[in-house]
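User: I am new to this structure and would be grateful for a close look at a single part of it. Please explain in one connected account how that part is placed among its neighbours.

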Amino acid sequence: MDFSLTEEHIMIRDAAREFAQNELLPGVIERDEKQHFPDSLVKKMANLGFMGIMVNPKYGGSGMDTISYVLVMEELSKVDASAAVIVSVNNSLVCYGLEAFGSEYQKQKYLTKLATGELIGAFCLSEPEAGSDATSQKTSAIDKGDYYLLNGTKNWITNGGRADVYLVIAQTDKEKGSHGINAFIVEKGMKGFHVGPKENKLGIRGSDTHTLQFNDVKVPKENRIGDDGFGFKFAMKTLSGGRIGIAAQALGIAQGAYELALKYSKERKTFGTEISNHQAIAFKLADMHTEISAARHLVMKSAWDKDQGKNYDTSSAMAKLYASKVAMKQTVEAVQIFGGNGFVKDYHVERLMRDAKITQIYEGTSEIQKIVISRSILKE
């Protein structure tokens, strides 16, 4: 076992940390309050190579490993989880899906621009009646020969209003169940494709979340990803990698809250001494540090599994399940350490607490992660 980072890992981590502190932090409270999507900052993240971290350089990516991706996600999420999830979706769900399963035509047309940040991607699986149950797709794609006719609704789509390229999961043959599902590349501006109003969310408010409507959208046959009926497997394979990104986001949120609480505990005084000298606070910090460290090991292990070509379905589910639980618990503890100030937006921890909750819900709820893990261990 070797827990050390390479020079390249340290370099990309430090670059992400510097960017987060110097670029993301100054306007993060305002973006949260006004639900502003960080357009200019996304361009800067693209220039740093963050929008296509793991993509092969021949397609415009940075060509780095999953551990590098996790390190970037943690640093960004410590400051701004909204900016981080833009990076996560573009990398884990869109770029990865196209590079791993797309045709060469699709890679040249779409991936090369997504990896450089020229285009932004969105992943469209969830529906009003099909969130965790991915097999119950109501969105349909009828084969019309040289194109598919797409109809339906997708909910809670990250990057929904800002994306240029959408990977849409739809049912082609209901009688075949999960084998009758396909994945399609849909472009913004296609006739019949409409973006609904922006969701007014509890957390990650700087992220763009919308409902999408598809009304007789003609999708060219060459925009289907993989063979006919591959859509469900595509979604499941892609989401396994997505869990690593969200686990890293949760880890970053927890670490960010911990660092703020630790610093505050050394400055705030009660009963004539810094509150870090009170055992009640010192023990909270000890628990926070321990549980965050445990979460980090699970997240890194899942990233390592992916980089080694091992099956990472279970390790990524474990990482997301635990890291999201830690994020929720430790942000609440951070607010408690700050006391009344923790309830004030200027101190950041209340925002981190609000941002933490979604990590237990999107890209597979905690309950779904338990299904994945339990099925895996019961097979052994």
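Analyst: The account below concerns one strand and its partners, and then turns to a pair of helices. The model is a predicted one.

The part chosen is strand S4, which spans residues 165-171. Is this strand buried or exposed? Seven of its seven residues are buried, so S4 is largely enclosed by the rest of the structure. The cover extends to both faces of the strand. On one side, Val165, Leu167, Ile169 and Gln171 are buried, and on the other side Tyr166, Val168 and Ala170 are buried as well.

Which strands pair with S4? Strand S1, residues 121-124, runs parallel to S4 and is joined to it by four bridges. Within this pairing, Phe123 is found opposite Leu167 of S4. Strand S5, residues 181-187, pairs with S4 in the antiparallel sense, over seven bridges. Here Ile169 of S4 stands opposite Ala183 of S5.

A pair of helices may be described in a similar way. Helix H5 (residues 81-101) and helix H6 (residues 104-115) have axes that come within 10 Å and cross at roughly 155°. An angle over 145 degrees counts as roughly antiparallel, and H5 and H6 are therefore roughly antiparallel to each other. The crossing of H5 past H6 is left-handed. H5 contributes Asn90, Val94, Cys95, Leu98 and Glu99 to the contact, while H6 contributes Lys107, Tyr110, Leu111, Leu114 and Ala115. Sorted by class, this contact comprises seven nonpolar residues, one polar residue and two charged residues.

Terms used:
Residues are numbered from 1 along each chain as its sequence is written. This is a predicted model: local features need pLDDT of at least 70, side-chain atom pairs count only at pLDDT 80 or more; totals for chains, interfaces and linings use all residues. Side-chain values use heavy atoms; hydrogens and water are left out. Buried means under 20% relative accessible area, exposed over 50%, partly exposed in between (1.4 Å probe, protein chains only). Helices (H or I, at least four residues) and strands (E, at least two) are DSSP runs, numbered from the N terminus. Two strands pair if DSSP finds at least two bridges between them. Axes are lines fitted to C-alpha atoms, for helices over the stretch in contact, and angles run from 0 to 180 degrees between N-to-C directions. Angles under 35 degrees count as roughly parallel, over 145 as roughly antiparallel, 65 to 115 as roughly perpendicular and the rest as oblique. A crossing is left-handed if the near helix is turned anticlockwise from the far one by less than a right angle, and right-handed if clockwise. Contact means heavy atoms within 4.5 Å. Ala, Val, Leu, Ile, Met, Phe, Trp, Tyr, Cys and Pro count as nonpolar, Asp, Glu, Lys and Arg as charged, and the others, Gly among them, as polar.
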